[in-house]
Amino acid sequence: MGEDVAGGVLWYVVRNAPTFLAMFFLMLLAVRGRLRFSLKATVGMALGIVVAVSLACGIGVAAFAGEEGVWATVPVLAVSLLSLAALTKLPWGKRLFVFFSAATAAAIAILTYDVLLRTVALEWSFGVRRVLDAVVCSAGPLVLAPLFARTIRWGVEQVDDPALWRRLAAVPAGFFVAANALYMFAYAVEFLSSGANALYALAVGVLAFLMVASYLMLFSALRTVMENARLREAAQLEELQHERYENLRRTLRETAKARHDFRHQLLVIRSFAEKDDVRGLRAYLDEEGAGQAQRESGAYALNFALDSVAAHFAERARACGADVSLAFALPERLPLPEADFCMAMANLLENAVEACERAATEGAQGSGSARAGTDGRSALPDGARTLFMDAEVRVEGSAVLVSVRNNCSSTDARALAAAAPNGVLSSGARSAKREGDGIGLASVATMAKRYRGEVRVETDEHAATIRVLLRAGGAR
């Protein structure tokens with residue numbers, strides 16, 4: 001009896017472990033950029049998990065269920081999913097998508113072997129059928145390795161919307177259910193003709209084709225959506241640069257006019273000097289200096305694209321009465337891709353400006369009207385600070401550090417605190433200005449993850465601070 005159990009366990013492991021290993025291999029191809037441990041350590045742990053769970057299920061099948069131990073697949077799948085969760089740094093939507101995709105690939109391989117067994121291998125010897133079983137069920141899933149290594153991995157790395165992945169996980173789950181339903185139907189109904197077997201083979205082929213085709217179309221659509229988003233961001237950045245260029249042209253014209261008027265200003269100054277009118281001279285100089293300061297916006301950054309973004313949102317912030325302080329200690333050649341970094345800064349500054357506007361609106365509604373600050377800017381009621389927007393960017397080693405601090409309403413403060421309960425903002429952050437998932441800060445969080453950094457949030461009663469860490473040369 002003991003020899004029979006040992007033989008059954010060995011037979012179960014030899015027959016099924018290669019299929020489970022192939023499934024694990026496909027999952028690792030898709031998530032190898034998001035592993036908690038090194039690739040070598042992960043492969044070793046995956047191999048140990050597969051062997052251990054195969055032995056455990058083999059013992060259960062040999063001791064209690066006999067050869068028809070189909071139930072043993074359930075704990076194997078459960079352990080595989082939990083192992084994927086333990087070995088990767090992914091949201092559950094991505095884990096479920098990758099898991100069901102790999103499980104479906106293994107199920108289709110098993111269906112393929114069943115078709116071959118019914119159509120061409122039924123009269124073959126037992127040993128040859130076992131070799132065919134091992135080859136098809138272990139090597140079959142690997143036919144889809146390019147799909148996992150390229151297409152699915154691209155989605156795992158580039159698309160970071162948790163809500164979207166939760167919806168997408170229904171696609172491979174549906175294929176997995178369909179594959180298992182087809183397998184159970186084939187064993188519940190006896191096929192009495194070659195035509196029935198041919199229809200069974202056609203159904204398996206159609207299922208495999210639909211899976212691959214739907215994945216290719218799905219990820220092609222995702223690529224198109226992301227490319228359109230990138231083009232929209234590029235267009236927005238170009239518009240900001242054009243606006244900044246027009247402002248610079250206007251400044252140059254005003255400078256030319258000022259040079260033309262300089263001779264007349266000298267005559268006025270000389271007349272004050274000849275009359276020994278020091279008080280009048282000081283008043284005239286103060287007036288001219290204030291006017292000049294108001295006309296000149298100055299350069300905020302050496303990089304023209306970043307300077308355009310800063311100038312646009314600085315002007316918007318000042319228009320709502322906010323005190324603006326921008327300090328961008330960056331070289332003209334940015335340490336990160338210009339389009340990515342400028343759009344991240346645009347999202348951060350736009351959120352800051354809109355938060356200031358909402359804070360001013362909330363304050364006005366709470367007190368009847370916003371008070372004027374000591375310098376004429378809008379101030380919040382009840383002793384709150386004058387409206388402000390401060391931004392600082394600096395480079396420390398290979399890291400780019402961004403800090404944006406601004407006023408925010410109590411609603412915004414609660415929304416940010418909810419989006420970052422542990423102080424770190426996720427790419428699924430919800431918007432404080434619209435229903436549904438957020439766009440601006442979620443986009444920044446996605447970019448930070450791509451550059452191996454993070455977005456931290458600090459809030460108090462009247463202000464919010466967003467700190468972003470990005471690693472130059474660390475894109476993945």
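Both Glu157 and Arg34 are buried, and their side chains meet in a salt bridge with an N to O distance of 3.5 Å. This pair is one feature of a predicted model whose chain holds 14 helices and 7 strands. The points below treat the chain as a whole, then its salt bridges, its sheet, and several individual residues.

**The chain as a whole**

- The chain has 476 residues, and buried residues make up 42% of them.
- Its accessible surface comes to about 25000 Å², and carbon and sulfur atoms account for 60% of that area.
- Among the contacts with a separation of 6 or more, 71% are between residues 24 or more positions apart.

**Salt bridges**

- Side chains of opposite charge can pair when their charged atoms come close.
- The structure contains 14 salt bridges, including the one between Glu157 and Arg34.
- Glu157 belongs to helix α6, whereas Arg34 sits in the loop between α1 (2-31) and α2 (39-65), so this pair ties together parts that are 123 residues apart in sequence.
- Another salt bridge joins Lys94 to Asp160, with the closest N and O atoms 2.7 Å apart.
- This second pair also links distant parts of the chain, as Lys94 is in helix α4 (residues 92-119) and Asp160 is in the loop between α6 and α7 (162-168), 66 residues apart.
- Lys94 and Asp160 are both buried.
- Arg34, Lys94, Glu157 and Asp160 are linked in a network of salt bridges.
- A salt bridge within one helix is formed by Asp114 and Arg118, both of which lie in helix α4, 4 residues apart, or about one turn of the helix.
- The closest N and O atoms of Asp114 and Arg118 are 3.0 Å apart.
- Asp114 has a relative accessibility of 2% and therefore counts as buried, whereas Arg118, at 21%, counts as partly exposed.
- The value for Arg118 is 21%, and it is not called buried because that term requires a relative accessible area under 20%.

**The five-stranded sheet**

- Strands of a sheet pair through backbone hydrogen bonds, either parallel or antiparallel.
- An open sheet of 5 strands follows the order β1-β4-β5-β7-β6, and its pairing is mixed.
- Its edge strands are β1 (323-328) and β6, each of which pairs on one side only.
- From one strand to the next, the twist averages 10°.
- Strand β1 pairs with strand β4 (residues 388-396) in the parallel sense, over 6 bridges.
- Within this pairing, Val324 has Met389 of β4 as its bridge partner.
- Helix α14 packs on the sheet and touches β6 and β7 (463-471), and its direction makes about 30° with that of β7.
- Helix α11 (residues 304-319) lies across β1 and β4, and runs at about 165° to β1.

**The two faces of strand β1**

- In a regular strand the side chains alternate between the two faces of the sheet.
- Strand β1 shows such alternation: Val324, Leu326 and Phe328 point to one face and are buried.
- Asp323, Ser325 and Ala327 of β1 point to the other face and are not buried.

**A nonpolar surface patch**

- Leu199, Leu202, Val206, Phe209 and Leu210 make a nonpolar surface patch of about 510 Å².
- One of these residues, Leu210, is located in helix α9 (residues 194-274).
- Leu210 has a relative accessible area of 42% and is therefore partly exposed.

**Two further residues**

- Pro146 is placed in helix α6 (residues 145-158).
- With a relative accessible area of 43%, Pro146 is partly exposed.
- Pro146 and Leu26 are 120 residues apart along the chain, and their C-alpha atoms are separated by 9.3 Å.
- Arg452 lies in the loop between α14 (440-450) and β6 (454-459).
- The phi angle of Arg452 is near 55°, a positive value in a residue other than glycine.
- Arg452 counts as partly exposed, with a relative accessibility of 44%.

Note on methods: Residues numbered from 1 in each chain as written. Predicted model: local features only at pLDDT ≥ 70, side-chain atom pairs only at ≥ 80, totals over all residues. Heavy atoms only, no water. Buried < 20%, exposed > 50% of the residue type's maximum accessible area, 1.4 Å probe, protein only. Pairing = 2+ DSSP bridges. Axes fitted to C-alpha atoms, helices over the stretch in contact; angles between N-to-C directions. Contact = heavy atoms within 4.5 Å. Patch = residues over 30% accessible without salt bridge, like charges linked within 9 Å, V, L, I, M, F, W, Y side chains within 5 Å. Areas by Shrake-Rupley, 256 points an atom, 1.4 Å probe, with all protein chains shown as cover.
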